[in-house]
Amino acid sequence: MDLALSFLLFLCFFLLGEAICGVWKIDFQGPGEAFVFSSALGTAAVSCAAELMAFLGWVYPASAWTVLGLILAARAGKLREMAREAPYHFRAVLAALAKPALSRFDLFNLCVLGVLIFMALTLAQTPPAKTDALVYHLAVPKAYLEHRGIVNLPNNVYSFFPLQFEMVYLFCLALSGENLAKLAGLGTVFIFLSALCLYYKRYLSRRNAVFVAVLFFLTPTFLELSAEAYVDLPAATFAFLAYYSWERWRTSGRDGWFPLMTVFTGFAVAAKMLSVILVPAGLLGIAWVGRERKKNLWTLGSSTVFLAGVALFLLPWWARNYHYSGNPFVPLFAEALPLNGRIDWDAGRSSQFFQYVHSFGMGRGVKEFLLLPVNLTFLAEKDSLRFDGNIGLLYFLLLPAVFFMGPRKPSARLIAVRAASLFFVFLIFWFFHSQYIRFLGPAFAFLTLVLAYGLGNAAAPPPPGSIRAWPGGFSVLKKALPLLAVAGIAYNLYLDATYWLRVNPLPYVMGMENREEYLLRELPVYSMYQAFNRSLSEDDRALFVYMRNFGYLCEKKFISDSVFEAHTLQSVLGPGVSPDGIANRLRALGVTHLMFDNRFVFGKDSAFSPAQLELLKGFLNARARLVAGKNGFYLYRFVIN
């Protein structure tokens, strides 16, 4: 049902985006480009509609269905036109498939891509079980849906980031539920892959276009997160589409591409703040076009419009933050801009948080930068400070392809060089800010184009009339690159298949297990969330300590510190406090229960001092009752009245 509904959803995205593109008089080169840009623009438009609903307090299922109904009604003529043309397009596809134009390498890549799509689709139809989705990508939209609009979540600092793509998830939750949200995220990634292929075919080469999608999608971390309700790859989608729009604007001379570039840039930044690098890149792109057109005043005006357009996406979120915290940029600049005490955050934790974020990776020196290919490929680890992910082996094996970027077609070579330059710009920005592999989407999009182009040149026969011979070492490398590509594809596919088999989504997708059974085998902590939801009344509230802040799984009230998950309990157990003082502090917080991970409270990784542990142990024995305990997690009820 959700899979069918996702097709309807993206149909509406396309119809809405296509109408806006018609107003801007954008000229598309073929139906593929029209679908990619119209669908992405429609996604951004529906996100803004959901955002408006949230700020007005109109978040209801009926509201979401009304939006879809209005889109379908307004575009009924286009729907009839598409229905009339469907047989023609179907016959064209069959004719294209019947032509023996595909090489064996292309057929191989098509098969691999089909396997990847199957794995991603099945994973996307399972309940969400990834940390960031449960903490805020889905948890915040769920809270907005429950409250029918924007609501202050003072204990979830992530809720104060701009949430532009989370508004798409909010819209999906209102329409149907969590699986539709995951499928919407995956559908956006499919748009990304299509855009990469289209750009490659248009500007670089018609050879190995399918390999472009395979190279990017085979990356284990990217495949894994594509099927989850994350925003990293959707933000990368809009970042790349902003660049694609700039390229079309520059080469076609049609100014309708400029607002498209502006919208995609603003959307990407409001979806993921690390995309802010797009703003100076966009200004540089405008200056480039202005120099070609020799219009200095026009450049200044276009830059102003561009900055204003990007700001329009951010202003509502900054206004929300100012209203709730007194700092429009929270959790940023907490040291410089005071908070009003209405959120559970302070300057000290803000500083520590960004120190923690910068601790990911393996250093930020020149040596570490030069060693990135080796470190990312062989030393990266999932769920660790070493980049928190896995890129597989394929990119590393294909790095020699950069030696084959020319000279087959000068214009394509220049574009490949520009893509390589952008890759280094995004990589350097990533290197000095947040070394998470999942944030590499924009950089790796350009690396994918460069390596696929180099591989295509290496594997292609010499141009007609060419007598150029490669030096001996390069000649051997030229012959070895296709074999290295196949070996890398096989290894990355093995990693992806291993993950897919571990998750084993088919029993849930086929109805052989229910949601509770799936989450119990995926999340060891889920049994305690079950106990929490069953045991607490509507008037109760639990304090979570190192329970990973899975707010999406909670049906009852709770308090949980962001990032530093022992902060509140450490404050309750402050120096010189008596058992009665603890009871008074808990009563002031409205806390009736305590749920914690024993490893980080009484275990080997405890965040508490011996004096605090002794005080807490005595208090639990005297004034609390054990409600549930399993897998090292415990739920207590306080008896303090």
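Contact here means heavy atoms within 4.5 Å. With that in hand, two parts of this predicted model can be described: a pair of helices and a sheet with a helix lying across its strands.

The helix pair comes first in this account. Helix α12, residues 232–252, packs with helix α21, residues 441–459, at an angle of about 50°, and their axes are 8 Å apart. Angles from 65 to 115 degrees count as roughly perpendicular and those under 35 degrees as roughly parallel; α12 and α21 are therefore oblique to each other. The crossing of α12 past α21 is right-handed. On the α12 side, the contact is made by A236, A239, F240 and Y243, which meet G441, P442, A445, F446 and L449 of α21. Eight of the residues in this contact are nonpolar and one is polar, while none is charged.

Turning to the sheet, five strands are arranged in the order β2-β1-β3-β5-β4. The sheet is open and its pairing is mixed. Strands β2 (557–560) and β4 (624–630) stand at the edges with a single partner strand each, so one side of each has no neighbour in the sheet. On average, and with direction ignored, neighbouring strands are turned by 20° against each other.

Within this sheet, β3 (residues 593–597) and β5 (residues 633–638) run antiparallel and are joined by five bridges. For H593, the bridge partner in β5 is R637. Helix α29, residues 610–623, lies across β3, β4 and β5, and α29 runs at about 105° to the edge strand β4.

Note on methods
Residues are numbered from 1 along each chain as its sequence is written. This is a predicted model: local features need pLDDT of at least 70, side-chain atom pairs count only at pLDDT 80 or more; totals for chains, interfaces and linings use all residues. Side-chain values use heavy atoms; hydrogens and water are left out. Axes are lines fitted to C-alpha atoms, for helices over the stretch in contact, and angles run from 0 to 180 degrees between N-to-C directions. Helices (H or I, at least four residues) and strands (E, at least two) are DSSP runs, numbered from the N terminus. Angles under 35 degrees count as roughly parallel, over 145 as roughly antiparallel, 65 to 115 as roughly perpendicular and the rest as oblique. A crossing is left-handed if the near helix is turned anticlockwise from the far one by less than a right angle, and right-handed if clockwise. Ala, Val, Leu, Ile, Met, Phe, Trp, Tyr, Cys and Pro count as nonpolar, Asp, Glu, Lys and Arg as charged, and the others, Gly among them, as polar. Two strands pair if DSSP finds at least two bridges between them.
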